[in-house]
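Got the model open? Here's a quick tour to read alongside it, taken one topic at a time.

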Amino acid sequence: FFVKSSHFKKGYYMDFKELASKYKTPLYVYDFNYIKERYEALKNAFYARKSLVCYAVKANSNLSVLKFLADLGAGFDCVSIGEVKRALMVGAKRYQIIFSGVGKSDEELKEALENEILLINVESFAELLRLEEIAKGLNLKARISIRVNPGVDAKTHPYISTGLNENKFGVDAQTAKKMYIHAKASEFLEPTGIHFHIGSQLTSLSPIIDAAKIVSELLRELRALEIDIKFFDVGGGLGIIYNDEKEINLYDYAQGILGALKGQDVTIVCEPGRFIVGNAGYFVASVLYEKFNGKKRFVITDGAMNDLIRPSLYGAHHKIFVDGKDENLGTCDVVGPVCESGDFLAKDINLPECESGDVIVVKGAGAYGFSMSSNYNTRNRAAEVCLLDGKDRLIRRRECFEDVVAPEIEFLESADARAK
Ligand code: LLP
C-alpha cells in the first residue's frame, strides 16, 4: 500500500514501511515537491502584482525546509530572534525577513535591528517606545509595521483565533494611527508596513476580506497624513484539508485582497505556514501493541503527544492509516506511551487489526508537528526526512538521551559536594 506523492506523474511513491525500517520510528517525512507546489501556487496567485510570500517559520522550522524555501525565493515570517537566525543561516535575504510577536525582548529587538531585516512588526505602544529607545542607542532607524487587530471573528478554533479584541494580539485601529503618527515624527522609526493576522486554519474567506477592508481604510488615512506605507501584510492562516474541509480558493483570496485595497499601490505580504507545509508532512510511527480494555480497543504506538500534540491540544483530527492494510477491524483509540490520558493521536477511528511492527501514518503533520514537539517523559525527539524527486534523505537526526540531558549534566552535584 503506497500513498501517491504529489509527483505521482513522475512515478515517485512513498513507501512508509521502507522509510520506517531505514530511519526507525517515530519519524517525520516531508514531501518537498509538494512544498514547492504550494509555495508556487500562492506566489502565482499574486502574479504580476508586487508580492512577498513570507513563510511562517513556526509551522516547521527545520533548516532544510527553510533552505529549500529560501532557494525558491521565499521570505520569512519569524516570531523569535531564534527563528530570524534560522532564516539568516540558510541564506534568506535580510530584506525578506519580518519579525512579529506580542512580546519581544530588548535583546531580540536589538539583534533584529543590527541584522537590518525588512520589518519589525510592533504590537503595542509600549513596544514602539522601547524599540525607539533601542534604535536610538544603536543610532539606527527601525523599519516598522504595526499589527492592527481589526476586531473580526475568524470563525476558527478559539486557541488559534487572533483577530478579536479579546485576543492578546495587535492594537485597535485608533491606537495604531496614533502609533504611526508618533513613528513618523521620530528620528529613529520609519513606518514601512501595516499588518493583520486574524487566525489560523481559516476556511472561510470573508473574515479575511473584512479585515483587509478595515486595515486598507486605515492605510488610506495614513497616506493622507503622508505616512508612506509600502507593505500591506495580510498575515497567514490559510486553512488546509485535514478531513473534509474546503480550502480557500487562491484566486479569490488574491482578488479579494486586491479589491479591498481599491488600487492603493503597496506590496502585498502574506505569511502562510500551514498552507505550505501542512499536507507535505507525514508522521510515521510503529505499532507496539494492540489491546482491549473491556470492549474498548487501543492501538499503542511508539509515537506520542510529545511528538505530535495537535490531537491532544486542539482535538485536531488527522487522518491515519496502517501501511499495507486496509480492511478495518473496528474503532479504536491510537495512543502513545506518554503517561497522560490526553496522550492520543486519534480517538474512535476505524483501523485494521494491528500487530507489533505495523507502520501507522498520520497525515497532515507537516505544520505544527515537529515544531511543537517536546522531550516530555524524557523522550528523544523524532528524526525528520526529506523526500525530493523520489529520493529520501535525513534532515534531522533522531535525538539521543545524551542530547536531552546535556544542559543539566554539568550541574549534577555529588552528595559529598552538597554536604560541604
Ligand atoms: N502570521 C502570524 C502573525 C501568526 O501568528 C501565524 C500563526 C502565522 C502567520 C501562520 O499561520 P498559518 O498560516 O500557519 O495558519 N499551533 C496551531 C497554530 C498556531 C498558529 C499561530 N500563528 C495549530 O497547530 O493549529
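Helix H9 runs for 12 residues, and from first C-alpha to last it reaches 17 Å, close to the 16 Å you'd expect at 1.5 Å a residue. Keep in mind that you're looking at a predicted model.

**Helix H9 up close**

- At the N-terminal end of H9, Asn249 acts as a cap: one of its side-chain oxygens lies 2.8 Å from the backbone nitrogen of Tyr251.
- The buried residues of H9 are Leu250, Tyr253, Ala254, Gly256, Ile257, Leu258, Ala260 and Leu261.
- Here's a handy rule for reading a list like that: an α-helix has 3.6 residues a turn, so residues three or four places apart point the same way.
- What covers those buried residues of H9? The cover includes helix H2 (32–45), helix H8 (206–224), strand S10 (231–233), S11 and helix H10 (274–277).
- Right after H9 comes Lys262, with a positive phi near 45°.

**Backbone oddities**

- Some background first: most residues other than glycine have a negative phi, and most peptide bonds are trans.
- Lys262 has that positive phi without being a glycine, and you'll find Lys262 in the loop between helix H9 (250–261) and strand S11 (267–270).
- Is Lys262 buried or exposed? Lys262 counts as exposed because its relative accessibility is 64%, and the cut-off for exposed is over 50%.
- Glu116 isn't a glycine either, yet its phi is positive, at about 50°.
- To spot Glu116, look in the loop between helix H5 (106–114) and strand S7 (119–122).
- With 48% relative accessibility, Glu116 counts as partly exposed.
- Between Thr25 and Pro26 the peptide bond is cis, with omega near -5°.
- Pro26 sits in the loop between helix H1 (16–23) and strand S3 (27–31).

**Around the ligand**

- There are 18 residues around the ligand, and Ser200, Glu271, Arg310, Tyr314 and Tyr368 come nearest.
- Sorted by class, this shell has 6 nonpolar, 6 polar and 6 charged residues.
- Ser200 has a side-chain N or O atom 2.3 Å from an oxygen atom of the ligand.
- Arg310 places a polar side-chain atom 2.6 Å from an oxygen atom of the ligand.
- For Tyr314, the partner is a nitrogen atom of the ligand, 2.7 Å from an N or O atom in the Tyr314 side chain.
- How much of the ligand does the protein cover? On its own the ligand has 580 Å² of accessible area, and the protein covers 91% of that.

Methods
Residues numbered from 1 in each chain as written. Predicted model: local features only at pLDDT ≥ 70, side-chain atom pairs only at ≥ 80, totals over all residues. Heavy atoms only, no water. Near = heavy atom within 4 Å. Polar contact = N/O pair within 3.5 Å; in protein donor to acceptor, adjacent residues only side chain to side chain. Areas by Shrake-Rupley, 256 points an atom, 1.4 Å probe, with all protein chains shown as cover. Nonpolar A, V, L, I, M, F, W, Y, C, P; charged D, E, K, R; others polar. Helix = DSSP H or I, 4+ residues; strand = E, 2+ residues; numbered from the N terminus. Buried < 20%, exposed > 50% of the residue type's maximum accessible area, 1.4 Å probe, protein only. Expected span 1.5 Å × (residues − 1). Contact = heavy atoms within 4.5 Å.
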